[in-house]
Amino acid sequence: RFIAKPCAINLGIQDSGPHRAQPNAILEKVFTSITKSPDGKRLEGLSKQLDWDVRKIQRWFRHRRNQDKPTTLTKFCESMWRFTFYLSIFFYGIRFLWTAPWFWDTRQCWYNYPFQPLTSRLYYYYILELAFYWSLMFSQFTDIKRKDFLIMFVHHLATIGLITFSYMNNMVRVGTLVLCLHDASDFLLEAAKLANYAKYQRLCDAFFMLFGVVFIVTRLGIYPFWILNTTLFESWELIGPYPSWWLFNGLLVTLQILHIIWSYLIIRTAYKALVRGKVSKDDRSDVESSSEEEDVTPNSTKGFFSTSSNGSNRINGHVTGGQWTEE
């Protein structure tokens, strides 16, 4: 409200909503009381009742659905808040872990376990991360909705479970590694979205490509071969099969499955970018674009992060004037 919004206005981002649907009492009643996406049979009935073309009615419902979604300014402010947090907590974590022995030797995570001291810096790092993910869990129901809502919900549950569980069991050393690793790419995605909303397409594409590389390297490379290796094998070797071993590693493997799903979406988007010369629409977006030529506007030719009238989420993700809305 006091920082992000003035920045957005200075960048020329207007607090204007999407194209509004033409007022129509009959269609509005169907939209609010019956269905927001009528099937073919209902469309035919409405067409006869209103003497409208079916495609015109479909267009009306699409505009009406998009009408309730957040503006570019709203999404810019959300992304700027997340960018600020992810960047700050990542550098805080790196600065703290750089002098930690377990950052360079993961076996240190299990030496003298569970009698390992909890320093104040370690404590605050953990509590900040836990508080943030709890805020995401609650705000997910009021923030911009995206198609990966369920995946993000599972991700937040797994993350909160892991942070809480590892804290209660004093597995904070390996926990800090997981947290720092996940923060390494998140601020890059938010930076890409900020550039998208400000219509700096080349900067947006550059940030997204950098995000994709960092994400895949950290989530599909470092995470399984560094984090999962120490929790699955080194812990078993050094302290044995402790009672919560299965639950702890089950949550970590759940995260890895989500990493694979997201990596697939990122690779597919990057491939489309290489083919088309720019990044295309975010697969997590709920933006409904028109397939009719008469609905296409000059702004609809923007790249991957082109803003859209949709309020989706993605990508925790992912407005008027383009095609892409959020990570």
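**Close-ups of an all-helix model**

**View 1. Helix H5 gives the largest share of the lining of the second largest pocket, four residues.** This is a predicted model, and the view looks in on that pocket. About 170 Å³ of space sits inside the second largest pocket. Who lines it? The list for the second largest pocket reads Arg1, Ile3, Ala4, Lys5, Cys77, Met80, Trp81 and Thr84. Two helices each put at least two residues into this lining: H1, spanning 4–10, and H5, spanning 72–97. By character, the lining of the second largest pocket splits into five nonpolar residues, two charged and one polar.

**View 2. Cysteine 7 and cysteine 77 don't pair up here.** What keeps cysteine 7 from bonding to its closest cysteine sulfur? Distance does: the sulfur of cysteine 77 is the closest one to that of cysteine 7, yet it is 8.9 Å away, which is too far for a bond. A disulfide would need the two sulfurs within 2.5 Å. Across the whole structure the disulfide tally is zero. Cys77 also turns up in View 1, among the residues lining the second largest pocket.

**View 3. Two cysteines, two levels of cover: cysteine 7 is partly exposed, while cysteine 204 is buried.** Cysteine 7 has a relative accessibility of 27%, and it counts as partly exposed because that figure falls between the 20% and 50% cut-offs. For cysteine 204 the relative accessible area is 0%, so this residue lands on the buried side of the 20% line.

**View 4. Serine 185 sits in helix H9.** The helix in this frame, H9, covers residues 172–197. Is serine 185 buried or exposed? Serine 185 is buried, because its relative accessibility comes out at 0%. Which residues does serine 185 touch, once those up to four places away in sequence are set aside? Its partners are Phe211, Val214, Phe215 and Arg219.

**View 5. Stepping back, the protein has 11 helices and zero strands.** Read from the N terminus, the elements go α-α-α-α-α-α-α-α-α-α-α. Of the 327 residues in the protein, 52% are buried, and serine 185 from View 4 is one of the buried residues. The protein exposes about 16,100 Å². Carbon and sulfur atoms supply 63% of that exposed area.

Definitions and conventions. Residues numbered from 1 in each chain as written. Predicted model: local features only at pLDDT ≥ 70, side-chain atom pairs only at ≥ 80, totals over all residues. Heavy atoms only, no water. Buried < 20%, exposed > 50% of the residue type's maximum accessible area, 1.4 Å probe, protein only. 1 Å grid on protein atoms, 1.4 Å probe; cavity = no way out; pocket = protein on both sides within 12 Å on 5 of 7 lines; lining within 4 Å. Points joined across faces, edges and corners; volume = space filled by probe spheres on them. Nonpolar A, V, L, I, M, F, W, Y, C, P; charged D, E, K, R; others polar. Contact = heavy atoms within 4.5 Å. Areas by Shrake-Rupley, 256 points an atom, 1.4 Å probe, with all protein chains shown as cover.
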